[in-house]
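Here's a quick walk through a model, written for someone who likes to check things in the viewer. Have the structure open and follow along.

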Amino acid sequence: MPTSSASTTDASTKPTAASGGVQSLERAFDLLERMADAGGEVGLSELSAASGLPLPTIHRLMRTLVACGYVRQQPNRRYSLGPRLIRLGESASRLLGTWARPYLARLVEETGETANMALLDGDEIVYVAQVPSKHSMRMFTEVGRRVLPHSTGVGKALLAHTPADEVRALLARTGMPAATEKTITTPEGFLDALEHVRRLGYAVDDNEQEIGVRCLAVSVPNSPTAAAISISGPAGRVTEAVAESFVPILQGVAAELSVALQSQNPA
């Protein structure tokens, strides 16, 4: 009986310890995501207000994250995302691109144009995957390339449902340099473009990043991280007329990719 009693006591205490560990892990990841949403640097009081957690709890979690290298404490006593996250992010981006390639390949087969996948990383757009068109005249964007969102179709698709004040703040941080004479260079103009995206269900880059190039883009719904896919090609081929047939293809592939990214075993 003593053995049985000891065994029962151990079983009853283990789940409590495990659940406490899981809760701490969930809270730590929540704090990291809130830091990322805030631009990468926050104070403890801001985190407490945003998360609803008491300051002592946040301080304990942040000490652990600092010790592990995932967070840094700045000289001004604010906290920023740490360099150890870079390796994790780069590896995750590569895997995301690998998972997306079969879906991008389908886009190329069905539209004939180059297919891309991009993420919003901080204030920038980063391309994480591409499958090139089989046409001799085709578009090429280097995987890993970073651009500002205001001049791209994927940028518009990714920001279409972001509150206007947050969009204005992002544009104030990045500026709105003109890549071509057709680039949108005012916040009002960009917000108008986002309204068009919400109404139409897709975004267009009409010679705004590069003269002679047109791009159609849609966001990947319910993606674990904000993502968009696009097709791009010469403006003479990617016309308003073909958008009617290309956009439903883009939206269908985006929906399938969303399901794959949310599953444990993406195709």
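What follows goes through the sheet, the cores, two helices and the cysteines.

## The sheet

Keep in mind that this is a predicted model. Let's start with the sheet, which is open and has 6 strands in the order S6-S5-S4-S9-S8-S7, paired antiparallel. Which strands stand at the edges? Those are S6 (146–147) and S7 (203–206); each has a single partner strand, so one side of each is left without a neighbour in the sheet.

Zoom in on S8 (residues 213–219) and S9 (residues 227–234): these two run antiparallel and are joined by 7 bridges. One pair to click on is Cys 215 with its bridge partner in S9, Ser 232. Packed on the sheet you'll find helix H8 (residues 240–262), which touches S4 (114–121), S8 and S9. The direction of H8 makes about 40° with that of S8.

## The nonpolar cores

The largest nonpolar core has 31 residues. Which of them touch the most other members? They are Leu 104, Leu 107, Met 117, Leu 216, Ile 229, Ile 231 and Leu 257. Two or more residues each come from helix H4 (84–111), S4, strand S5 (124–131), S8, S9 and H8. H8 gives the largest share of this core, with 10 residues.

Another core lies apart from that one and holds 14 residues, including Leu 31, Leu 61, Leu 65 and Val 71.

## Helix H2 and Ser 48

Now for H2, which covers residues 44–51 and includes Ser 48. Its buried residues are Leu 44, Leu 47, Ser 48 and Ser 51. Looking down the axis of H2, you'd see these buried residues fall within an arc of 100°, so they line one face of the helix. Exposed Ser 45 and Ala 49 sit on the face of H2 turned away from the buried side. Just after H2 comes Gly 52, with a positive phi of about 80°.

Is Ser 48 buried or exposed? Ser 48 has a relative accessible area of 18%, and because buried means under 20%, Ser 48 counts as buried. If you leave aside the neighbours within four places in sequence, Ser 48 is in contact with Leu 53, Pro 54, Leu 55 and Ile 58.

## Helix H6

H6 (residues 164–174) has Val 167, Leu 170 and Leu 171 as buried residues. Seen down the axis of H6, they fall within an arc of 95°, so they line one face of the helix. On the face turned away from that buried side, H6 carries the exposed residues Asp 165, Ala 172 and Arg 173.

What covers the buried residues of H6? The cover includes helix H5 (153–159) and helix H7 (187–200). After H6 comes Gly 175, and the phi of Gly 175 is positive, near 75°.

## The cysteines

How many disulfides are there? The count comes to 0, going by cysteine sulfur atoms within 2.5 Å.

Two cysteines are worth a click here. Cys 215, the bridge partner of Ser 232, has a relative accessible area of 7% and is buried. Cys 68 has 33% relative accessibility; because partly exposed lies between the 20% limit for buried and the 50% limit for exposed, Cys 68 counts as partly exposed.

Note on methods:
Residues are numbered from 1 along each chain as its sequence is written. This is a predicted model: local features need pLDDT of at least 70, side-chain atom pairs count only at pLDDT 80 or more; totals for chains, interfaces and linings use all residues. Side-chain values use heavy atoms; hydrogens and water are left out. Helices (H or I, at least four residues) and strands (E, at least two) are DSSP runs, numbered from the N terminus. Buried means under 20% relative accessible area, exposed over 50%, partly exposed in between (1.4 Å probe, protein chains only). Contact means heavy atoms within 4.5 Å. Two strands pair if DSSP finds at least two bridges between them. Axes are lines fitted to C-alpha atoms, for helices over the stretch in contact, and angles run from 0 to 180 degrees between N-to-C directions. The arc is that of the directions from the helix axis to the C-beta atoms. A nonpolar core is a set of buried Ala, Val, Leu, Ile, Met, Phe, Trp, Tyr and Cys residues joined through side-chain atoms within 4.5 Å.
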